Amino acid sequence: MLKDPSLPLHTNLSESLIREYVKRRKISGGTWSEAGRQSRDIFASLKKTCRLYGLSFWDYLTDRLNGVGKFPRLESLIEKAS
């Protein structure tokens with residue numbers, strides 16, 4: 001019996017979150033350096049988080065790089081959702 005009924009009985013969500021990343025890695029053959037791997041992981045995580053909260057990744061990224069502040073910080077969206 002589950003102690004927390006809000007937890008899913010399967011791992012399909014977590015598997016689907018990494019599926020795009022794995023396909024991209026297989027096609028490109030990976031990265032050459034540790035810095036490249038870290039960069040890829042960070043951008044993939046940001047992209048998935050933006051998609052999860054209905055934000056445009058490109059608009060969010062340009063907003064952060066230009067310092068406009070139009071988009072909310074992702075940490076505040078995550079805190080509100082939890």
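Select aspartate 63 to begin: once its neighbours within four places in sequence are left aside, this residue is in contact with Val68, Gly69, Lys70 and Phe71. The model you have open is a predicted one, and the tour will move from this residue to the whole chain and then back to single side chains.

**Around aspartate 63**

Keep aspartate 63 selected and look at the element that holds it, which is helix H3. Is aspartate 63 buried or exposed? With a relative accessibility of 4%, aspartate 63 counts as buried, because the limit for that word is set at under 20%. Now show the side chain of arginine 64 as well, and you will find a polar contact of 3.3 Å between it and the side chain of aspartate 63.

**The whole chain**

Next, clear the selection and colour the model by secondary structure, which comes to 4 helices and 0 strands. If you follow the chain from the N terminus, the elements run α-α-α-α. Of the 82 residues of the protein, 11% count as buried, and the protein exposes about 7,000 Å², with carbon and sulfur atoms supplying 60% of that area. Among the contacts with a separation of 6 or more, 29% are accounted for by residues 24 or more positions apart.

**Helix H2 and what follows it**

Select residues 34-52, which form helix H2, and place a distance between the C-alpha atoms at its two ends. How far apart should these ends be, given 1.5 Å a residue? The 19 residues should span 27 Å, and the end C-alpha atoms are indeed 27 Å apart, so the expected span and the one in the model agree.

Within helix H2, pick threonine 49, which counts as buried because its relative accessibility is 17%. A polar atom of the side chain of threonine 49 lies 2.8 Å from the backbone oxygen of serine 45. Leaving aside neighbours within four places in sequence, threonine 49 is in contact with Leu74 and Ile78.

Move on to tyrosine 53, which is found in the loop between H2 and H3 and, at 29% relative accessibility, counts as partly exposed. Not counting residues up to four places away in sequence, tyrosine 53 touches Leu77, Ile78 and Ala81. For one of these partners you can draw a further distance: the C-alpha atoms of tyrosine 53 and alanine 81 are separated by 9.4 Å, although the two residues are 28 residues apart along the chain. Glycine 54, just after H2, is worth selecting too, since its backbone takes a positive phi of about 75°.

**Two aromatic pairs**

The structure holds 2 aromatic pairs. For the pair to look at now, show phenylalanine 43 and phenylalanine 57, whose ring centres are 6.5 Å apart and whose planes stand at 90°, so the pair is edge-to-face. Phenylalanine 43 lies in helix H2 and phenylalanine 57 in helix H3 (residues 57-66), so this pair ties together parts that are 14 residues apart in sequence. Phenylalanine 43 itself counts as partly exposed, at 38% relative accessibility.

For the other pair, show tyrosine 60 and phenylalanine 71, which are also edge-to-face, with 6.2 Å from centre to centre and 80° between the planes. Here tyrosine 60 sits in helix H3, while phenylalanine 71 sits in the loop between H3 and helix H4 (74-81), and the two are 11 residues apart. Tyrosine 60 is buried, with a relative accessible area of 8%, and phenylalanine 71 counts as buried at 15% relative accessibility.

**The nonpolar core**

Keep tyrosine 60 selected and add its contacts: not counting residues up to four places away in sequence, tyrosine 60 touches Leu46, Cys50, Leu55, Phe71, Pro72 and Leu74. Which residues make up the largest nonpolar core? Select Cys50, Leu55, Tyr60, Phe71, Leu74 and Leu77, 6 residues in all, to see that core as a group. In soluble globular proteins, nonpolar side chains tend to be buried together.

To end the tour, return to Phe71, which belongs to this core and is also in contact with aspartate 63, the starting point.

Methods: Residues numbered from 1 in each chain as written. Predicted model: local features only at pLDDT ≥ 70, side-chain atom pairs only at ≥ 80, totals over all residues. Heavy atoms only, no water. Expected span 1.5 Å × (residues − 1). Buried < 20%, exposed > 50% of the residue type's maximum accessible area, 1.4 Å probe, protein only. Contact = heavy atoms within 4.5 Å. Areas by Shrake-Rupley, 256 points an atom, 1.4 Å probe, with all protein chains shown as cover. Core = buried A, V, L, I, M, F, W, Y, C linked by side-chain atoms within 4.5 Å. Phe/Tyr/Trp six-rings, centres within 6.5 Å; stacked < 30°, edge-to-face > 60°. Polar contact = N/O pair within 3.5 Å; in protein donor to acceptor, adjacent residues only side chain to side chain.
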